[in-house]
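Colleague: Got a minute for this complex? Put the structure up and walk me through it.

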Amino acid sequence: MAATKAAIGLWRRLLALFGGLLGGLLGVAGARAADLPENKAETLFHAYTGGGVDAYGPAFLVRKSIFDKVSLTGTYYLDAVSNASIDVVTTASPYKETRHEFGLSADYVYRDAQITFGLMTSNEPDYVANTGNLDVTQEVFGGMTTIAFGFTRASDTVKKHNEPEFKDNADHWQYRLGITQILTTRWLMSANFEALSDEGYLASPYRVARVFGAAVPERTPRTRTGRAVKLRLVGDLGNRDAMNVGYRYFTDTWNIKAHTAEIGYSRYFGENWLADSFFRYYTQTGALFYSDNATSETLFVSRNRQLSTFNNMGLGAKLSYNLRRVPGRYDLKLNGSYEYTRFKFKDFTDLRDGSLYGYASNVIQVYLSATY
Amino acid sequence: MTARSLAVAGAIAASLLGGCAMPSVPTIQPWVKPYERERLGDPIMKLSRDALPDKHFEHVRVVREGARGATGFQGGGCGCN
């Protein structure tokens, strides 16, 4: 009881200090007003192929402001998946399924703040996920600094094909805090932190682990808590070109530690072309209970290669072309992206020949984007 | 220190940072004025230009890697892995 009172007191003091700081900075900022996101429409065709998995489909986004105070966004996303991954071909049968995702969100602007509330639902025959989020961004310090904080809550229902009696749930919480800072007339940076918490059925009802060479259903803890921090720096290089670098560190209670490094370069060509290129490197250590082939009986065991020790390197490019532009009315662009990624697993073997597994993946996107 | 006195201290500290301070104390003003931010407002400088394709890249990574979060994109749950 005393500990609870002390914790409440500490929170009150921290909130008061934060409120005081924000109030002081807002006083300096003066009477400015944040802008609503621009009216926008996007039509995307996306395709992924790699590791025996093909996934493709269309996606649509429409955003429109109403009375200059609220902006509504609707999205639809379809994934048609054909799965013959290494897990599937060595321990199960290839399958096809379709995922539909619908999203609706509203942005509201009050003075220098933007408040976003969103709802999303994702439906597969054996997995339903419902997600809600609330995010706030606040410009301070004369518009040079933007503070963002938000919360996501998701609830999933997990089912299994041909086994109607199997049904379980997974709940997810995400809390985030970020800051974007203008450094100079050409450079800006951002720092983001996110805490993630999962509870419930976090395994796959189809995947099997190996213990003493025998296949057993995987057993995964029902809780997981992670922390991620990401830093980004973006700079105008002065010749109609720009660069960006980023780094993210992630750690969680399953003992996964991951580093992600990104670098990108963008440049305009003539009046109508914009090209981007990017390189990404990702590496992680495996979860405590991951094993390619366990040699002792443990409470938890998994052979999910997503939880193993591996790295990947990706190289990509994007090209945008101004199809039509009528200043003050609309702007229409045609875009194409491609990324090649190579995965190398350190402790996940191909059961067919015993060698360490690895694969290459390709992501292709073709899309139209319009602002109006 | 009470919550109210902390709030006052915070407001004073922020005011000092922001330039509403007493004349003898050096102050920090926003050093990049709104009219100097033209380059920063160019689409080439945006952390994310188009929501759907960036969300797709994020989705492709989240279902294949152990790490998540702090990217600024809203991910929904799925049984994709």
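Colleague: How many helices and strands are in chain A?

Modeller: Chain A has 2 helices and 18 strands. These are DSSP runs, helices being H or I of at least four residues and strands E of at least two, numbered from the N terminus.

Colleague: Any ground rules?

Modeller: This is a predicted model, where local features need pLDDT of at least 70, side-chain atom pairs count only at pLDDT 80 or more, and totals for chains, interfaces and linings use all residues. Residues are numbered from 1 along each chain as its sequence is written, while chains are lettered from A and ligands numbered from 1 in the order in which they are written.

Colleague: What ipTM and pTM does the predictor give?

Modeller: The complex gets an ipTM of 0.89 and a pTM of 0.87. Chain B has a mean pLDDT of 77, with 62% of its residues at 70 or more. pLDDT is the predictor's confidence in each residue, from 0 to 100.

Colleague: What does chain A span along its principal axes?

Modeller: Its C-alpha trace covers about 70 × 65 × 40 Å. Of the 372 residues of chain A, 31% count as buried. Buried means 20 or more other C-beta atoms within 10 Å of the residue's own, exposed means 12 or fewer, and partly exposed is in between, with C-beta atoms placed from the backbone.

Colleague: Over to chain B. Is α2(B) largely enclosed or not, and why?

Modeller: Largely enclosed by the rest of the structure, because 10 of its 12 residues are buried. Among them are Leu52(B), Phe57(B) and Val60(B).

Colleague: Which strands do those buried residues pack against?

Modeller: β1 (40-50), β2 (53-66), β17 (330-349) and β18 (356-371), in chain A. A contact needs C-beta atoms, placed from the backbone, within 7 Å.

Colleague: Pick a residue in β17 of chain A.

Modeller: Glu339(A) lies in that strand. Glu339(A) has 20 other C-beta atoms within 10 Å, so it is buried. Leaving out residues up to four places away in sequence, Glu339(A) touches Gly314(A), Gly316(A) and Val363(A).

Colleague: Which residues that aren't glycine have a positive phi?

Modeller: Phe212(A) is one of them, at about 50 degrees. Arg240(A) also has a positive phi, near 55 degrees.

Colleague: Where do Phe212(A) and Arg240(A) lie?

Modeller: Phe212(A) is in the loop between β10 (208-211) and β11 (214-217) of chain A. Arg240(A) is in the loop between β12 (223-236) and β13 (241-252) of chain A.

Colleague: Why does Arg240(A) count as partly exposed?

Modeller: Because Arg240(A) has 14 C-beta neighbours inside 10 Å. Phe212(A) has 10 other C-beta atoms within 10 Å, so it is exposed.

Technical notes: Two residues are in contact if their C-beta atoms, placed from the backbone, lie within 7 Å.
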